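Got your viewer open? Load the model and keep the selection box handy.

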Amino acid sequence: SAFPESEPETELADPMMLQWLGSLGFGVEYVRGGGNTLHFLDGAGEEIPVIDFAGGYGSLILGHNHPDIVRAARDFLDSGSPVLAQGSLQPAASEVAKTLSAIAQREFGASEPYFSVFSNSGAESIEVALKHAEFDRVLALRAVTEEIARHLDEARTAVRDGLAEVTAPAFDALGVVAQDRAAGAAGFERLAAAVRAENARRTARPPLFLALKGSFHGKLVGSVQLTYNAAYREPFAALAPPARFIDVDRPEALRELFERERGTVLDVVVDGGGIAVVERSFPVFGAFFCEVIQGEGGIREMTPEAAREIERACSAAGCPVVVDEIQSGMGRTGAFFASSRIGLRADYYTLAKSLGGGIAKTAVTLVRGRRYRPEFELVHTSTFAKDTFSSTIALRVLELLEADEGRAYRLAREWGERLTAMFTALRGEFPGVVKDVRGAGLMLGLEFHDQSGAQAPQIRAAARAGVFGYAVSGYLLTAHRIRTFPTASAVHTLRFEPSVLLTEAEVSRLGEALRTLCQILRDQDGRAFTGG
Ligand code: PMP
């Protein structure tokens, strides 16, 4: 065989990752899940319950295997409906689109609809926004070029009819030297060729895409360049245009960048008897991407002031705003869109994760009516996007979130307040251990102080290896049967993203576990930390 023989026990799917997870105590197989509880089998075949605060990395706003979602899935399969019926009417998807637009219009107080472009994962919904924004820019640029061509034709006619002559400043602007400045048609053609060449040169520059420092927008070829974490992004820098990263604490940097990078082309106007050259702007900015609560960046909230500055600057520069609601959306923060809480109105919203109800994999990019390019439907498709199963599940998820006048949103808000109060009390009690409490609703982060100077060697070693947050998570799972993880790029911050089905018992279990953890860290009890 051309293939090397492998031992039967050789792990062939993420072997390194699995080994690492095992070393931290995460090497268990969950065999059952419901609500915020997962069960794994211990050595004796006994089911051990674990309270899940990782929530499928924010995909489980309705918990594991919500009975109504499971029923919708069963009913769908029992009905014999086809899952893949591309190129036909897909009313469930149409209904999802209609519902999402209605929710967006309600939360942002807008009359303009949002169109839905379906895809299969979070990162893919970002790629859709990226591509749609670039398509829009290219079509707008083409319209500018065509208008300039029309203006050149009008000017040519005026010169031919003896009504106008190219002005000296026009020749100056294009650097046409004296001996080439013929009168009449010859001089005009000389100018026209120079305008076309100069514009071709200017518009050849690549578009600029902007994002915030600390952002996470996915790991596909285009989206990873919008993701701030250098370890994810830099090895792939040659594959897609790099983003410019803005510091959210200095949103005025956006306006400065727009001013500095603005692009202009040359146009001609017939002004009285003269042909003059004027500068006009053309679209250079592809889009500005942001999360209003950065998830993987450490649960960091954007202020309403920053949101207003972003809106003003982008609107003045004609740069579309993409708000990534993949983690923050679907009701998690107490409103369907986290951005509606700070009044950030976007041209694009991306949704994924909880849209599939914890069962299906689906994503949507919402495009504001005035920006939507129907031609995009012909150039961007995916076999699996918009499949009937996912759409049916997504529709049921939306119904459940919207039921009882948004009871789910109220629950997210109230449980968020409850958890925040508990975390804040912990910080008060252990100021040397807990550094910060951040987030809104059921998207919360608890940041720990750096332990790289810790007395206990076990704690110090974890911190120096850059895995302190994972060691803490391993401790919580092993000692307390509580599951959570640090955020991907801020590994001193633990995430808490349970479902709205949270119970008082689960909150107090978490409280006790965190209190014990804080005592261990305060007292530098390294043996307890590693379960020794
Ligand atoms: N954007 C945000 C804000 C996310 O949190 C994530 C996933 N953590 C993504 C994009 C990428 O989503 P996916 O993993 O489904 O590609």
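Here is a short tour of this predicted model, going from the ligand to salt bridges and then to a surface patch.

**Stop one: the ligand.** Select the ligand and bring up its surroundings, which include Ser 121, Gly 122, Ala 123, Phe 216, His 217 and Lys 353. Now look for three polar pairs. A polar backbone atom of Ala 123 sits 2.8 Å from a ligand oxygen, and a side-chain N or O atom of Gln 327 is 2.6 Å from an oxygen of the ligand. On the nitrogen side, pick Asp 324: a polar atom of its side chain is 2.7 Å from a ligand nitrogen. The ligand alone would expose 390 Å², and the protein buries 80% of that.

**Stop two: salt bridges.** The whole structure has 43 of them, so just sample a few. Start with Glu 189 and Arg 156, whose side chains meet at 2.7 Å, N to O. This pair ties helix H7 (residues 184-203) to helix H5 (residues 122-160), with the partners 33 residues apart.

Next, select Arg 438 and Asp 436, bridged at 2.9 Å, N to O. Which of the two is buried? Arg 438 is, because its relative accessible area is 11%, under the 20% cut-off; Asp 436, at 23%, counts as partly exposed.

Then highlight the network joined by shared salt-bridge partners, among them Glu 112, Asp 136, Arg 345 and Asp 347.

**Last stop: the surface.** Select Val 83, Leu 84 and Phe 384, a nonpolar patch with about 270 Å² of accessible area together. Val 83 is in the loop between helix H3 (67-79) and helix H4 (91-108), and is partly exposed at 31% relative accessibility.

Terms used
Residues are numbered from 1 along each chain as its sequence is written. This is a predicted model: local features need pLDDT of at least 70, side-chain atom pairs count only at pLDDT 80 or more; totals for chains, interfaces and linings use all residues. Side-chain values use heavy atoms; hydrogens and water are left out. Patches are made of residues with over 30% relative accessible area and no salt bridge: like charges are joined within 9 Å, nonpolar side chains (Val, Leu, Ile, Met, Phe, Trp, Tyr) within 5 Å. Accessible areas come from the Shrake-Rupley method with a 1.4 Å probe; for residues, only the protein chains shown count as cover. A salt bridge is a side-chain nitrogen of Lys or Arg within 4 Å of a carboxyl oxygen of Asp or Glu. Helices (H or I, at least four residues) and strands (E, at least two) are DSSP runs, numbered from the N terminus. Buried means under 20% relative accessible area, exposed over 50%, partly exposed in between (1.4 Å probe, protein chains only). A residue is near a molecule or strand if one of its heavy atoms lies within 4 Å of it. A polar contact is a pair of N or O atoms within 3.5 Å; within protein, one must be able to donate a hydrogen and the other to accept it, and residues adjacent in sequence count only if both atoms are side-chain atoms.
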